[in-house]
Amino acid sequence: MTTTSLNGLTSAEAARRLRDIGPNELPQNHGRGLLQITLETMREPMFLLLLGAAILYMVLGDLGEGLFLLAGALAAIGLVIFQEARSERALAALRELAQPHVRVIRDGADIRIPARELVPDDLLLIGEGERVPADGLLISGDVLSVDESTLTGESAPVSKCIATEADAFSADTGPGAASSPHLFSGTLSVRGQGVICVSRTGPKSALGQIGASLAQIGQEPTPLQQSAGRLVTLLGLLALAFCGIIALAYGLLREDWIGGTLAGITVAIALIPEEFPMVLAVFFALGAWRLASHRVLVRRSAVIEALGGATVLCVDKTGTLTENRMRVARLWTEAEDFAIHDDALPTGISREVLEFAALASAPRPVDPMDKAIRVLLPLEQQAAPTTTQIERTWPLRPEMMAVVQVWRSGGDTRIAGAKGAPEAIFKLCRLPQEQVSQLTEVLRALAEDGLRVLGVASCRLDAPFPETPENAPFEFRGFIGFRDPLRVDAPAAIQEARAAGIKVIMITGDHPATALAIARSAGIDVSAGVVLGADVARQTQIELQSSLRNARVFARVAPEQKLTIVQSLKANDEVVAMTGDGVNDAPALEAAHIGIAMGKRGTDVAREAADLVLLDDSFASIVGGVRMGRRIFTNLRRALTYITAIHVSIAGLALLPILFGMPPMLFPMHVVLLELAIDPICALVFEGEPSERAAMRRPPRPPKETLFGPRQLVKAFAQGVGVLVGVFGLYAFLLQHAPEPVARGGAFITLVLANLVLALADAMSTDGSLLAPHRRVFWSIAGALVVLLTAIFAIPALASIFRVAAPSVPIIIASMVVATVSGVWLRVAESARTTRRNSGASGADAAAGTRHHPSS
């Protein structure tokens, strides 16, 4: 291992090593390739039927018809492959966004880089809750406590001490060795922070040597995709059964077994809603991409369905509602109360408070409060002292919410600094109750000013430091008040969430007065006061459930108490979205319906347990994600309803002429063309529809409401039957007054136009604009289909394949009228019913007003 200066590698040297050694990553499954997508698509029953029909037509029927069917089948398969590949590209881009980042020292500066760009001899900064991304030696910082269970299977963390000169040149010690300075890729730092000199990366690391097979784990389909797959399989079996029944009946009744076989295949093709799984994949992939544009990274696509139905948003204060841009605003000591201004920096006793707080801070601070403390010190004191070294660190613990750090300065002299929750500092200094009462009043005044307050204490010993800080003679020094500005967009986002019927609950570890001040300024309901973490721990499940019906502000909450809050909210039948950033937040994130991790300050463990990752840690992004989730849910429901309606009409038009002894209206080539029209409309028109104007002004949908239930099925059946009755009625009428090819041509035009009118009517439920910019895709597809229909009738070869003849102008006008009526009748009926209901409500309100005001 090469000795590296404290400035780390230069950027040029790091780039050279990256080229020579390669990226710090294991062999990965980079998603489905084009060949895999093609093979998966070819196994779908719809396309097998299409190919089978094409082969039968080429063998038993007309060669031209068979070739057209083959071209149509290949076009349909190609369209699905294109959309699946498009989804894979979107997911690949999201995987790129999800690449972990690490903090390193290069060119003497702390920078953040993708973990894959780590090289040997990089100086890596590691903190509590972060995974070690490469093998290396601990050369500075705390004594780390590291969970190596991913390598050893042992759940108990092991300690990692700072490496000596001998360690740097010795052979690496294996995982599980206590007090070893060696750290290994994939392990987890559960306590402390330090600097690691990277030794091995990528496949050469301990994890790379034994765990490359992990990359072969594939992504399981979501429950919604599984249920859709089962539905398609069931309908496929039913379609095959119908195919056999119709072929048998046709052959027995008409003695035309070939025609019966082809008629059965036509009905089978029409029955299978092959678009279901494709539309789900497209909506989820593109929905995740749209959420990413709102700075919300989706780790599990199934959560998109739940996101729009969230009833409770549990958020942290720091960094989510506030900017997490701490600055010291006040320094309070018993001698003076010093307010920080740009032109008034602390001196004397006030600066001593900062200096002792700096002793309890990380040498290379990452925490915003540690940075705010050091930035106010003289330049020579902002870096870690070179004449002293950290001897021991006690990080935050549930029993002692303060950080204590001991420095050794020559001989047996030890200087300790402590900072943390004022109550913990009072206890550490063993202050008398009278003094605690006086300081509590000061603390309350600072907190009511919206400041986050830390207590500071110090200790100087000329002897070995005690085993526990509670046994050391600490002296209380004063308070540091930090101000974290509220995010500019937070109040408006909270107002939008509350207008949408979503309860916003703020959970913080801050002082209750500080929590109330921030919540009040952010617009959170504070009428029920504040609930303390101690209350959460003391209350029974029933009592906490009762508190959560009204309480919106929780303070002094330990991370593990978030899990209790989540479980109680779920017991109240709430759909819970929970934010978190720490290691201890992972159980709560996992338990919540929607776990949301912080992208900037969140730990790797929190991000792995979460469903969503906020790339900017902003509450406004959460509300934007809810708005997007509602939009995706609504549009996906419309698309599936439309698909079902189309299949009702197509299957009916393929079946009814056979039952009534009429010439077939639809042949497989007609169904193929209709399927080619359905896919782009569903995937592009409905997916691109904007949110409804009232989407965020109505309460969340009931938790048990399904995406596609009986109500949608009834609506789809009604729409499909409307189109079926209109088209079949016109076809039967035309057969009485025109040749069969003309009747089939007029009915086919009516069916295509009715499908387009139905799609536009369903899409226009968001607004009444026919020419909205987001509908350009629809009009482009509609125009292309009109051109295609014209070509079918104008080109004799195509007209012969489709067995149609050009209808007269009166028939075309009749087709347009029937298509419009059959496509919009239900939409018009719904609008009329809504108008009558609103009129009735207005009349009732007017009557009530007259009763209350007789003089009017």
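## A buried pair?

Are phenylalanine 465 and phenylalanine 474 buried or exposed? Both are buried. The model behind this answer is predicted.

## Aromatic pairs

Searching the whole structure turns up nine aromatic pairs. One of them joins phenylalanine 426 and phenylalanine 479. Their ring centres are 6.1 Å apart, and the planes meet at 65°. That makes the pair edge-to-face, because an angle over 60 degrees counts as such.

Where do these two residues sit? Phenylalanine 426 belongs to helix 15, residues 422–428. Phenylalanine 479 belongs to strand 18, residues 475–483. The two are 53 residues apart in sequence, so their pairing ties together separate parts of the sequence.

Both partners are also shielded. Phenylalanine 426 has 6% relative accessibility and so counts as buried. Phenylalanine 479 has a relative accessible area of 0%, so this residue is buried as well.

Now return to phenylalanine 465 and phenylalanine 474. These rings form a pair too, with centres 6.3 Å apart. Their planes stand at 75°, so this pair is edge-to-face.

## A ring cluster

Which residues do ring pairs link into a cluster? They are Trp332, Phe426, Phe476 and Phe479. Phe426 and Phe479 are the edge-to-face pair described above.

## Charges over rings

Rings also meet charged side chains here. The charged end of arginine 701 sits over the ring of phenylalanine 633. The distance to the ring centre is 3.7 Å.

Arginine 803 lies over the face of another ring, that of phenylalanine 667. Here the distance to the ring centre is 4.1 Å.

Definitions and conventions:
Residues are numbered from 1 along each chain as its sequence is written. This is a predicted model: local features need pLDDT of at least 70, side-chain atom pairs count only at pLDDT 80 or more; totals for chains, interfaces and linings use all residues. Side-chain values use heavy atoms; hydrogens and water are left out. Rings of Phe, Tyr and Trp (its six-membered ring) pair if their centres lie within 6.5 Å; planes under 30 degrees apart count as stacked, over 60 as edge-to-face and the rest as tilted. Helices (H or I, at least four residues) and strands (E, at least two) are DSSP runs, numbered from the N terminus. Buried means under 20% relative accessible area, exposed over 50%, partly exposed in between (1.4 Å probe, protein chains only). A charge sits over a ring if NZ of Lys or CZ of Arg is within 6 Å of the ring centre and within 35 degrees of the ring normal.
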